[in-house]
Amino acid sequence: MPVTYQLLRGLPLTRVLASSLLPCQHQSQLASVSHQRASRWSSDMWLSQQQSRSYQTASVLCSYILTPPQVNSILKANEYSFKVPEFDGKNVSSVMGFESNQLPANAPIEDRRSAATCLQTRGMLLGVFDGHAGCACAQALSERLFYYIAVSLLPHDTLCELEAAVEAGRALSPILQWHKHPNDYFSREAQNLYFNSLRTYWQELIDLTSPGEVPDTREALLSAFKRLDQDISLEAQVGTVCGFKPHPVKVGDSNAYLHYWVLRVAFSGATACVAHIDGSDLFIANAGDARAVLGVQEEDGSFSALTLSNDHSAQNEEEVARIRGEHPPSERKTVIRQDRLLGLLMPFRAFGDVKFKWSIELQKRVLESGPDQLHENEHTKFIPPNYHTPPYLTATPEITYHKLRPQDRFLVIGSDGLWETLHRQEVVRIVGEYITGVHQDQPLKVGGYRVTLGQMQALLEERKARVSSAFEDQNSATHLMRHAVGNNEFGTVDHERLSKMLSLPEELARMYRDDITIIIAQFNPHVIGAQRQD
């Protein structure tokens, strides 16, 4: 329920926050179509679905001014921080720690985040997953992708030890240490399925590798992304092969629910941006339009932005050329229309989204055998226009490598909801000033606006007050999120604007902004410098 409704009814803020963060499988249907992402799907389709459900809630168009403590409660509800442990009083890792946060616009939120330390190999994994057409696919990625990457990084001998332990019924040594906020959950019903698919993958890796062979990180990331997307597709088809009969999903019917769940995962979609950090080696694997940006500290103390990923969208000319080159010349005018894949989908790479990958015959066969609830979802009812030569979509990531330097101070991974509101240079400035405590004040600009002397004085006073208030946030991701939502035309946080944006009813919030997910990893320049010398 939207923040405005809850506050007007006098309910506590904890209820407000929880309503937007319910696990997606606990929502009544996959079919909360009214909450699908307008930016990802055609606006005409989105508006028509919104109108068809207009009877469900009465819109509250008035704004509600939240108090600063209420604003802080909303912004800090999902913040998380992790500090890498020290050994003998020293931090020997290139990563000092990370901080993350999420702010919903959809209800439930369609973004997911993950962070984990690799235990049987070296390195840390950080990832942002931006869902569309529901949160199911992003949820599956947040639980599974890091396991696929970790297994892909294991040497042949360790994979054999893993398989031998399963065969003997012995407990497995953990391969990941997860760093999760209490709101970040696992779907228990699917764990056996997920494990069996993962085991099949590592069995194939054993057959494909040789004793003593150590995987290449770039190839491991590439293989993990592609294999997980294949498994998501295959798992959704298994129900058809096994002869499931269409029927409602009943409470307590775990098999029927699992079939329903894997179909939800496959028919929704998600982009993924993942960082693997091992010493001074930084790899970014990106599929979609989330983004990874490095904050580089210059000699004068200012910060510059180094983008480590490319958006896979219509604004990327190479990506447009790739897609057109994969389909016949007769489809040149239809494969990308209105800057969307087949006129519908904004990201050009994503997991799931089998509506853009399967043949029409396969889609119909799977849906005919699916549970009744799936047919209530608008996304499963249509075939994309001009659908002639699938697949049109891929989850193959673009891999970027960067050798960390002492001046590389932090990495920001964010869903597109962040980058739609702030330019990357503004992002690194805000984070850099927060981390160092040093504000690089630029000449006051008013963006071409005509301002009175009184307004100019107010801006100067606000700038002066900003220094003392910068550390009201104990989390850099929260601090950045405050700016992303509350910045005014002068580049400063406007409390009234922030309050209004956070109190919009859920059916309006998505029209003004997207879900925002941020992970900020801070690097240790002394360790990186020493590693480069070695």
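A total of 19 salt bridges is counted in this predicted model. A few of these pairs make a good introduction to the structure, and they are taken in turn below.

One of them joins Arg199 to Glu167, with 2.9 Å between the closest N and O atoms. The two partners come from distant parts of the chain, 32 residues apart: Arg199 sits in helix α7 (residues 191-208), and Glu167 belongs to helix α6 (residues 156-168). Their surroundings can be described as well. Arg199 has a relative accessible area of 19% and is therefore buried, since buried means under 20%. Glu167, at 58%, is exposed, because the cut-off for that class is over 50%.

A second salt bridge pairs Asp311 with Arg291, and here the closest N and O atoms are 2.5 Å apart. Asp311 is found in the loop between β9 (303-307) and α10 (317-325), while Arg291 is part of strand β8 (residues 291-297), so this contact ties together parts separated by 20 residues in sequence. Arg291 counts as buried, with a relative accessibility of 17%.

Within helix α14 (residues 424-436), Arg429 and Glu433 are four residues apart and so are separated by about one helical turn. These two residues form a salt bridge whose closest N and O atoms lie 3.0 Å apart. Arg429 is buried at 17% relative accessibility, and Glu433 is buried too, at 4%.

Salt bridges also link residues into a network, whose members are Glu319, Arg322, Glu326 and Arg349.

Conventions. Residues numbered from 1 in each chain as written. Predicted model: local features only at pLDDT ≥ 70, side-chain atom pairs only at ≥ 80, totals over all residues. Heavy atoms only, no water. Salt bridge = Lys/Arg side-chain N within 4 Å of Asp/Glu carboxyl O. Helix = DSSP H or I, 4+ residues; strand = E, 2+ residues; numbered from the N terminus. Buried < 20%, exposed > 50% of the residue type's maximum accessible area, 1.4 Å probe, protein only.
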